[in-house]
Amino acid sequence: AQVKLKWADPKPRYDVVIIGGGGHGLSTAYHLATRHGITNVAVLERKYIGGGNSGRNTTVIRSNYGIPEAVRFYQRSMDLYRRLEEETGRWIMHSERGLLWIVHTEAGVRAERARSEVNRAFGAETMFVEPEEIARLVPGIDLDCGGGRFPIMGGSFHVGGATARHDRVNWALAEGAMERGVDVIQRTEVTGLTMSGNRVTGVKTNHGDIGAGVVVSAVGGHVTFVAGMAGVRLPIRTHPLQAFVTNHYEQTFEPILASIDLGFYVSQTARGEMLGGAHIDPQPSYSYQSGQHFISSLSRRIVTLLPFMSRLRVLRQWTGVCDMSPDYSPIMGRTPVDGFLITTGWGTWGFKAIPAGGEAMAELIATDEVPDLI
């Protein structure tokens, strides 16, 4: 279906105004419309759809977390991702390929055995695998890993680990919401909030004020600025997260591969590029600049485990900014300010949570009851 974008000409008032046209904002709008029939909704994006962190992630979908609450939440998101193409009628390039989480120490082996048990107990199919099975799953891997410096001692294999194309996910949700009457408005920056006492009554934008029954902040790394407009202080620090892709690798690299001890992950894109990512940058910052140090450090670790990648060249590099909470868990729902809700603290896991995060926020808004998952 051809859907015409509604540009910066919003109505004077909406039932719900969502700040942020990335995955979580669009998913909240989509689920409000499709699950609850609430369509008098505006999604405001200061750039273009998916132009922030939703378009700068590494597309991994998984639920192999270490605590029951997280396993349940992300497993729900994985289940929703599996149905998203059929539900929206749009190809998001969803590909289940499994995620291999390898370890190099005895302590790591114990941790991954425990992770596998917790995962299976709460719905995520994960099993412990020995080095021989890892070699079968990943042809070309060096089990000695740098001459025995980091020998691979085992790992957990998360069967449902998957990837999807980030821009296609964003647009599937955006068009699905717009088809049902939601206004998705690009190039519209929120510059402040309108208040009546301790209640938020709308937003101020570079195109004028918009009234709202409820305002939802679904922005990424810049959430502290938006929350500050309402006088809400959040335990969030913003850190850059870098990644790169190489030129085409001629063989099929099926699973998503991650090393806890070496601190990186690798997967192959649909175009055959090898994608590499690592931890957040240690220094808090709002910078989207990429650095040579990241390429050098990550490449050294990757080729220790995957020697064949030394023949490839870095093709592109990019950076997003992550909203990190102290315990690495999201902060969702109401705030001390009436009419102002947030979904934040997604850190490096925001893309995985897009369907379940939006579904839960929509349920909270529509029913005024906190869903079990949050």
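The legends below describe close-up views of a predicted model.

**View 1. The second largest pocket and its lining residues.**
The second largest pocket holds about 560 Å³ of space. Its lining is made up of 24 residues, and those nearest the centre are Thr59, Arg165, Thr269, Ala270 and Arg271. Strand S15 (264–268), strand S16 (273–278) and strand S17 (314–324) are the elements that contribute two or more residues to this lining. Sorted by class, the lining residues are 7 nonpolar, 11 polar and 6 charged.

**View 2. Thr319 in strand S17.**
Thr319 sits in strand S17, one of the strands that help line the second largest pocket. Thr319 counts as buried because its relative accessibility is 1%, under the 20% limit. Two polar contacts of its side chain can be shown here. One polar atom of the Thr319 side chain lies 3.2 Å from the backbone oxygen of Gln289. The side chain of Thr319 also makes a polar contact of 2.9 Å with the side chain of Ser290. Leaving out residues up to four places away in sequence, Thr319 touches Arg56, Pro240, Leu241, Gln242, Ser287, Tyr288, Gln289 and Ser290. Thr304 is 15 residues from Thr319 in sequence, and the two C-alpha atoms are 24 Å apart.

**View 3. Thr238 in strand S13.**
Thr238 belongs to strand S13, which covers residues 237–248. With a relative accessibility of 5%, Thr238 counts as buried. A polar atom of the Thr238 side chain is 2.5 Å from the backbone oxygen of Gly221. Gly221 is also among the contacts of Thr238 once neighbours within four places in sequence are set aside; the others are Pro284, Ser285, Tyr286, Val321 and Cys322.

**View 4. His239 in strand S13.**
Strand S13 also contains His239. Is His239 buried or exposed? His239 has a relative accessible area of 9% and is therefore buried, as this value is under 20%. The polar contact in this view has the backbone oxygen of Asp281 at 2.9 Å from a polar atom of the His239 side chain. Not counting residues up to four places away in sequence, His239 touches Ile280, Asp281, Pro282, Gln283, Pro284, Ser285, Gly320, Val321, Cys322 and Met324. Pro284, Ser285, Val321 and Cys322 appear in the contact list of Thr238 and in that of His239.

**View 5. Thr224 in helix H6.**
Helix H6 spans residues 223–229 and includes Thr224. Thr224 is partly exposed because its relative accessible area of 23% falls between 20% and 50%. Beyond residues up to four places away in sequence, Thr224 touches Ile236 and Tyr286. Tyr286 is also one of the contacts of Thr238. Ile260 is 36 residues from Thr224 along the chain, with 30 Å between their C-alpha atoms.

**View 6. The open sheet S3-S8-S4.**
This open sheet has 3 strands in the order S3-S8-S4, with antiparallel pairing. Strand S3 (60–61) and strand S4 (95–96) are the edge strands, each paired on one side only. Strand S8 (residues 162–163) is joined to S3 by 2 bridges, and these two strands run antiparallel. Within this pair, Ile61 has Ala162 of S8 as its bridge partner.

**View 7. Consecutive hairpins of strands S10, S11 and S12.**
Strand S10 (residues 190–196) pairs with strand S11 (residues 199–205) in the antiparallel sense over 6 bridges. Met195 has Val200 in S11 as its bridge partner. The S10–S11 hairpin has 2 residues between its strands, and Gly197 in the turn shows a positive phi of about 65°. S11 also pairs with strand S12 (residues 208–217), again in the antiparallel sense, over 4 bridges. Lys204 is opposite Asp209 in S12. The hairpin that joins S11 to S12 runs through 2 residues.

**View 8. The hairpin of strands S18 and S19.**
Strand S18 (residues 331–334) and strand S19 (residues 340–344) form an antiparallel pair over 4 bridges. Ile331 stands opposite Thr344 of S19. What kind of phi does Gly339 have in the turn? The phi of Gly339 is positive, at about 80°, and the hairpin has 5 residues between S18 and S19.

Definitions and conventions:
Residues numbered from 1 in each chain as written. Predicted model: local features only at pLDDT ≥ 70, side-chain atom pairs only at ≥ 80, totals over all residues. Heavy atoms only, no water. 1 Å grid on protein atoms, 1.4 Å probe; cavity = no way out; pocket = protein on both sides within 12 Å on 5 of 7 lines; lining within 4 Å. Points joined across faces, edges and corners; volume = space filled by probe spheres on them. Nonpolar A, V, L, I, M, F, W, Y, C, P; charged D, E, K, R; others polar. Pairing = 2+ DSSP bridges. Buried < 20%, exposed > 50% of the residue type's maximum accessible area, 1.4 Å probe, protein only. Polar contact = N/O pair within 3.5 Å; in protein donor to acceptor, adjacent residues only side chain to side chain. Contact = heavy atoms within 4.5 Å.
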